[in-house]
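Reader: Please take one part of this model and go through it closely. I would like to see how that part sits in its chain and in the assembly around it.

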Amino acid sequence: MNEGLLIDIIIGISIASVPLIFAAIGELLVERSGVLNLGVEGMMIVGALLGFVVQFHTGNPFLAVLAALLGGMAIASIFAFLTQFLLTNQVATGLALTLFGLGFSAFVGRGYTEETIQLITSVHIPILSDIPYVGPLLFSYNPLVYLAFFMVYLVWWFLFKTKQGLVLRAIGDNHDAAHAIGHKVIRYRVMAILFGGAMAGIGGAFLSLVQVPIWGEDMTAGRGWIALGLVVFSSWQPFRIIFGAILFGGITILQLHAQGFDIRISAQYLSMLPYLATIIILVSLRMRLKNKTNRTVPNCLGRIFHSTT
Amino acid sequence: MNYQLQINNITKSYGDLKANDDVSLNIKPSSIHALLGENGAGKSTLVKVIYGSLLPDRGEMKWLGKSYSPKNPFDAREQGIAMVFQHFSLFESLTVEENIVLGLDGVRLDENFTEKIIKYSKQYGLDINPHQVVGDLSVGARQRVEIIRCLMQNPKLLIMDEPTSVLTPQEVSDLFITLRKLADDGCSILYISHKLEEVRQICSEATILRGGKLVENCIPQEHTQQELAEMMIGKKLIQLARSNINSGEDIFSINNLSRKSDDMFGVDLKSISLSVMKGSIVGIAGVAGNGQDELMELLIGEITSPPGTLSFKGNDIGNLNSHQRRELSMFFIPEERLGHGAVPDMGLNENMLLSRPQKSEMTSYGVIDWQNVETLTQKVISDFDVQTFSTKMLAKSLSGGNLQKFMVGRELIQNPELLIVAQPTWGVDAGSANNIHQALIALADQGSAILIISQDLDEILSLCEQIHVLSEGSLSTAVDMTNKGLEKISQLMVGSED
């Protein structure tokens with residue numbers, strides 16, 4: 001195998017994993033606060049559409065990403081309002097959000113299916129980007145790629161190094177106790193849900209602004225669901241999201257290249273691998289937890305909080 | 001007189017119900033002040049008003065001489081009022097130090113903070129490890145975490161809501177040492193409890209509420225336990241007496257029952273034997289955590305036991321499940337009310353149905369007869385004085401004592417031939433406890449057998465004619481009460497018999 005191809009594969013894997021990282025790190029924070037938002041796919045597709053539309057009309061990548069971010073938040077705010085103030089069931093509301101997002105984006109995006117846009121270009125850092133091997137592998141990506149990895153660090157830092165992060169984790173663990181000592185459960189959760197929406201929106205936009213220059217109905221192709229699986233895979237630990245996303249993203253890329261190397265294995269088998277890994281991790285988590293206090297799954301995940309006082 | 005906290009004419013209503021009606025009380029500096037009352041007397045409401053989680057309709061408070069009207073718990077804490085909750089407000093998946101820092105405003109978790117926790121824990125004899133995960137701690141240790149969390153706010157008033165209801169006797173006496181030390185250091189304590197003996201032991205003053213109204217301010221040592229109880233319930237306690245001890249043949253027996261516990265903190269049961277006669281009440285005394293939970297699981301049928309170890313009415317019942325045991329007229333009241341004894345998110349009527357045998361008057365051909373369920377639930381509610389708005393109230397929305405009354409009633413109206421009950425009056429106030437005890441005695445008088453597992457020695461002594469002691473998983477033979485019985489029981493309970 002020649003080096004150029006290897007570098008291509010690694011770059012390809014990184015690019016494929018970025019939308020998953022964005023969506024999953026957002027959802028991780030949401031779930032840490034005790035909310036299960038199954039609407040990730042819906043928020044991503046709306047982000048993908050809005051990013052594309054704004055890029056098409058303005059040609060300004062910054063505005064395009066901003067639009068995707070706000071679009072994801074707008075959709076998430078519907079979820080936040082329904083689940084936090086009207087106390088609807090989170091699973092049902094999340095599923096509805098996904099269906100709504102897919103339908104809404106297909107409807108609004110009808111006029112754009114024939115269009116193409118200018119992709120967001122990669123950075124070129126003088127000197128650094130020109131170092132052989134290291135340059136293309138580390139210093140020649142799209143800015144959003146660096147942002148994705150930075151967001152993982154930021155979420156980790158927030159959750160484990162700040163007092164507010166501790167409060168958020170406490171709310172996810174026991175919302176009644178958090179309320180009793182005076183923390184604002186609903187405010188924290190609404191903020192977390194909006195953050196999750198913003199991240200899913202950017203993750204979606206990465207597909208239509210960086211990976212391919214076109215808009216297509218259902219172009220997220222189940223990545224929102226993979227992101228949800230990734231959160232479980234990571235056992236709610238931010239840095240494991242990167243590992244998981246590379247595994248999931250990598251398999252997609254390897255499928256493409258496997259054909260080129262005449263490896264006789266059906267693509268379907270490779271596609272199964274990430275899901276199989278998620279199930280194995282879920283089971284092993286449970287085994288480790290036996291007779292021990294659960295420190296992994298947020299205890300209040302998906303439970304409705306209703307303050308009585 | 002300089003009072004720490006003055007409460008004047010507080011009134012708080014919920015609809016037509018006056019939870020607090022013109023209540024006044026004054027707390028002196030460095031005093032341990034008891035707040036007594038039955039379930040529903042208005043203690044919780046008053047405490048919530050003081051702690052800022054409820055706003056009163058009328059009345060005013062003075063704190064350290066200044067007008068005080070907290071809008072939320074943050075307000076109250078800022079002014080130096082802290083509270084230890086009855087159902088702990090701890091986060092199981094977080095460590096001790098994380099839990100403590102969450103209750104404090106404007107403090108960061110760092111090494112200084114950890115050292116401060118250790119300092120406080122030494123100063124007040126509250127033994128904890130800041131790095132342990134709270135979910136792995138015993139109930140007593142969790143309470144110590146809560147207390148330290150409160151103490152680190154340097155409170156001038158500490159409110160404790162039934163702090164001893166879940167503690168072992170040793171933990172209770174440790175707690176009292178801490179509380180006295182705190183009071184000596186200038187922190188007043190408002191102590192809410194049902195346990196009158198404890199109140200007489202530790203409190204210098206007492207305020208008694210009944211039906212939302214103030215009944216009496218008194219010094220607890222000047223009254224007997226019975227007088228205090230009668231002030232609380234507003235009528236005379238009925239003396240317990242068996243009218244008809246007519247024990248027949250053995251109806252239930254445990255033979256050489258052993259069990260290895262599968263929990264790392266559990267207790268192994270060692271070759272337990274016991275028999276219960278028709279019409280008799282048998283008690284198993286002992287300090288919590290000596291195998292009571294493990295034994296109860298086997299008796300209820302949550303876990304099956306080997307052939308020959310359990311027999312009821314001549315049947316080998318070891319491998320029967322709870323439902324099959326109920327079909328034989330064996331009924332149970334487990335200790336843990338929410339989760340074991342009742343489904344928290346279901347109504348009383350549904351919970352009523354759930355502990356019935358498969359075929360009962362509440363169903364016909366498997367279809368629920370709601371009319372009948374309603375009638376029977378109503379009967380339990382009125383016979384056992386359960387405070388509830390309707391039969392559809394969720395089990396979790398009832399106070400602990402109230403739910404206990406419901407659960408006792410639910411099993412009793414099925415006329416069990418054998419009733420196995422753990423902690424029948426845990427968290428229940430004096431008046432209701434008296435009612436429950438009477439009902440149990442009436443059941444035995446009819447000829448039913450009762451097995452009581454309780455940590456409350458007074459309860460066991462007043463009800464049971466045959467007493468065993470469970471200690472470290474071993475059950476003593478029946479204690480001969482005629483010759484220094486009480487002394488013998490105490491020795492067996494602490495495991496120092498020889």
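**Domain contact and chain contact**

Author: In this predicted model, 11 residues of domain 1 of chain B are in contact with 13 residues of domain 2 of chain B. On the domain 1 side, helix α8 of chain B, residues 225-233, gives the most to this contact, with 3 residues. By class, that side of domain 1 of chain B holds 5 nonpolar, 5 polar and 1 charged residues. The domain assignment places domain 1 of chain B at 5-233 and domain 2 of chain B at 250-494. Taken over C-alpha atoms, the centres of these two domains of chain B are 32 Å apart.

Chain B also meets chain A: 23 residues of chain B are in contact with 17 residues of chain A. Two elements of chain B, α2 (73-79) and α3 (96-102), give two or more residues each to the side that touches chain A. The largest share of that side comes from α3(B), with 3 residues. Sorted by class, the residues of chain B on the side that touches chain A are 11 nonpolar, 6 polar and 6 charged.

Next comes the partner chain. Chain A has 12 helices and 0 strands, so its elements, read from the N terminus on, run α-α-α-α-α-α-α-α-α-α-α-α. The C-alpha trace of chain A spans about 65 × 45 × 40 Å along its principal axes. The radius of gyration of chain A is 20 Å, which agrees with the value near 19 Å for a compact globule of 309 residues. Of the 309 residues of chain A, 45% count as buried. Among the contacts in chain A with a separation of 6 or more, 80% are between residues 24 or more positions apart.

Within chain A, helix α10 deserves a separate look. Helix α10 of chain A covers residues 223-233, and 10 of its 11 residues are buried. The buried residues of α10(A) include Arg223(A) and Gly224(A). Also buried in α10(A) are Ile226(A), Ala227(A), Leu228(A), Gly229(A), Leu230(A), Val231(A), Val232(A) and Phe233(A). An α-helix has 3.6 residues a turn, so residues three or four places apart point the same way. Here the burial count for α10(A) is 10 of 11 residues, and the helix is mostly covered. Just after α10(A), Ser235(A) takes a positive phi of about 40°.

Conventions: Residues numbered from 1 in each chain as written. Chains lettered and ligands numbered in written order. Predicted model: local features only at pLDDT ≥ 70, side-chain atom pairs only at ≥ 80, totals over all residues. Domains from an automatic or database assignment. Contact = placed C-beta atoms within 7 Å. Helix = DSSP H or I, 4+ residues; strand = E, 2+ residues; numbered from the N terminus. Nonpolar A, V, L, I, M, F, W, Y, C, P; charged D, E, K, R; others polar. Rg over C-alpha atoms; globule rule 2.2 N^0.38 Å. Buried ≥ 20, exposed ≤ 12 C-beta atoms within 10 Å, placed from the backbone.
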